[in-house]
Amino acid sequence: MNQYNWEEDYKSNDILWGLKPNEVLTRYVKLLPENGKVLDIGIGEGRNALFFAKLGFEVEGIDLSQTAVQRCKELSNKYGVQLKASVNDILSFDISSEKYDLIILSNVLNFFTPDEISKIINKVNTGLRKNGLIYITAFNIAEPSIESIKKKYEEIDENTYFNHNKNMNLHYFTETEFKGLVSEYEIISFSNSYSLDLSHGKPHYHSSFEILSRK
């Protein structure tokens with residue numbers, strides 16, 4: 001089953017998610033080895049990838065949206081930095097064993113089923129080097145939009161919904177489930193936030209978990 005690819009969302013916005021990197025990544029960048037390798041899954045327009053590329057890291061990213069990837073490449077040229085961005089689906093993308101020092105999953109996992117999420121995390125675990133970092137943000141079960149989602153989407157699993165018209169999954173995490181994604185890792189930073197999102201559309205709030213862990 002093909003996934004919702006966000007193409008129309010990117011085309012209808014000049015910059016869909018903004019260009020400011022996630023603050024936790026900027027705060028802990030010194031934990032990474034100099035010239036380390038970074039994989040950004042769901043690279044979008046490159047807000048996190050460009051930050052690391054500017055610092056001299058070897059950055060690779062994938063996204064389902066051709067428009068997002070093209071914008072990311074254009075911005076990398078504008079800023080005079082090098083990164084590798086391609087149109088790919090994480091479920092079929094091959095992550096080489098112990099290749100990366102940091103793997104980013106920023107607002108990505110919500111759009112997969114629990115079984116798919118497990119497969120993605122297994123891939124990430126394989127791809128991380130010893131002492132490598134994994135960064136994840138995702139909406140949780142306190143997300144304000146969840147009540148409207150329940151009315152529009154079919155519930156296909158616990159806290160998991162599917163929109164047949166959009167071909168889109170939405171999964172919301174409990175804290176136990178979210179921390180369980182990295183249960184064998186050292187937690188560097190964890191937060192549960194309720195914040196105003198001004199990056200796209202009308203101002204709205206999200207309830208999210210954010211974690212940075214070390215293998």
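## Exercises: patch, helix and salt bridges

On the surface, Tyr-194, Leu-196 and Tyr-205 make up a nonpolar patch, and together they have about 330 Å² of accessible area. (Areas come from the Shrake-Rupley method with a 1.4 Å probe, and for residues only the protein chains shown count as cover; patch members have over 30% relative accessible area and no salt bridge, with like charges joined within 9 Å and nonpolar side chains, meaning Val, Leu, Ile, Met, Phe, Trp or Tyr, within 5 Å.)

The model is predicted: local features need pLDDT of at least 70 and side-chain atom pairs pLDDT 80 or more, while totals for chains, interfaces and linings use all residues. Residues count from 1 along each chain as its sequence is written, and side-chain values use heavy atoms, without hydrogens or water.

**Exercise 1.** Place Leu-196 in its strand and say whether Leu-196 is buried, partly exposed or exposed.

*Step 1.* Leu-196 belongs to strand β9, residues 186-197. (Strands are DSSP E runs of at least two residues, helices H or I runs of at least four, numbered from the N terminus.)

*Step 2.* Leu-196 has 42% relative accessibility, so Leu-196 is partly exposed. (Buried is under 20% relative accessible area, exposed over 50%, partly exposed in between, with a 1.4 Å probe and protein chains only.)

**Exercise 2.** Work out which residues of helix α5 are buried and what they pack against.

*Step 1.* Start with the helix: α5 runs over residues 114-127, 14 residues in all, and spans 20 Å from first to last C-alpha, close to the 20 Å expected at 1.5 Å a residue. (The expected span is 1.5 Å times one less than the number of residues.)

*Step 2.* The buried ones in α5 are Glu-116, Ile-117, Ile-120, Ile-121, Val-124 and Gly-127. They sit on the same side of α5 because their arc around the axis is only 135°. (The arc is taken from the directions from helix axis to C-beta atoms.)

*Step 3.* Residues three or four places apart point the same way, because an α-helix has 3.6 residues a turn.

*Step 4.* Flip to the other side of α5, and you'll find Asp-115 and Lys-119 exposed.

*Step 5.* The buried residues of α5 pack against β1 (37-41), β4 (100-106), β5 (128-139) and β8 (168-171).

**Exercise 3.** Look at three of the salt bridges, and say which parts each one joins.

*Step 1.* The structure has 7 salt bridges. (Each is a Lys or Arg side-chain nitrogen within 4 Å of an Asp or Glu carboxyl oxygen.)

*Step 2.* Arg-71 and Glu-45 pair up at 2.8 Å, N to O. Arg-71 is in helix α4 (66-79) and Glu-45 in the loop between β1 and α3 (47-54), so this pair ties together parts 26 residues apart in sequence. Both Arg-71 and Glu-45 are buried.

*Step 3.* Asp-101 and Arg-129 have their closest N and O atoms 3.0 Å apart. Asp-101 is in β4 and Arg-129 in β5, so the pair links parts 28 residues apart in sequence. Asp-101 is buried at 9% relative accessibility, whereas Arg-129 is partly exposed at 29%.

*Step 4.* Lys-179 and Glu-175 meet at 3.0 Å, N to O. Both lie in helix α7 (175-180), 4 residues apart, about one turn of the helix. Lys-179 is partly exposed at 31%, and Glu-175 is partly exposed at 35%.

**Exercise 4.** Which residues does Ile-62 touch?

*Step 1.* Ile-62 is in strand β2, residues 58-63, and is buried at 2% relative accessible area.

*Step 2.* Leaving out residues up to four places away in sequence, Ile-62 touches Asp-40, Ile-41, Gly-42, Ile-43, Ser-86, Asn-88, Asp-89, Ile-90 and Phe-93. (Contact means heavy atoms within 4.5 Å.)
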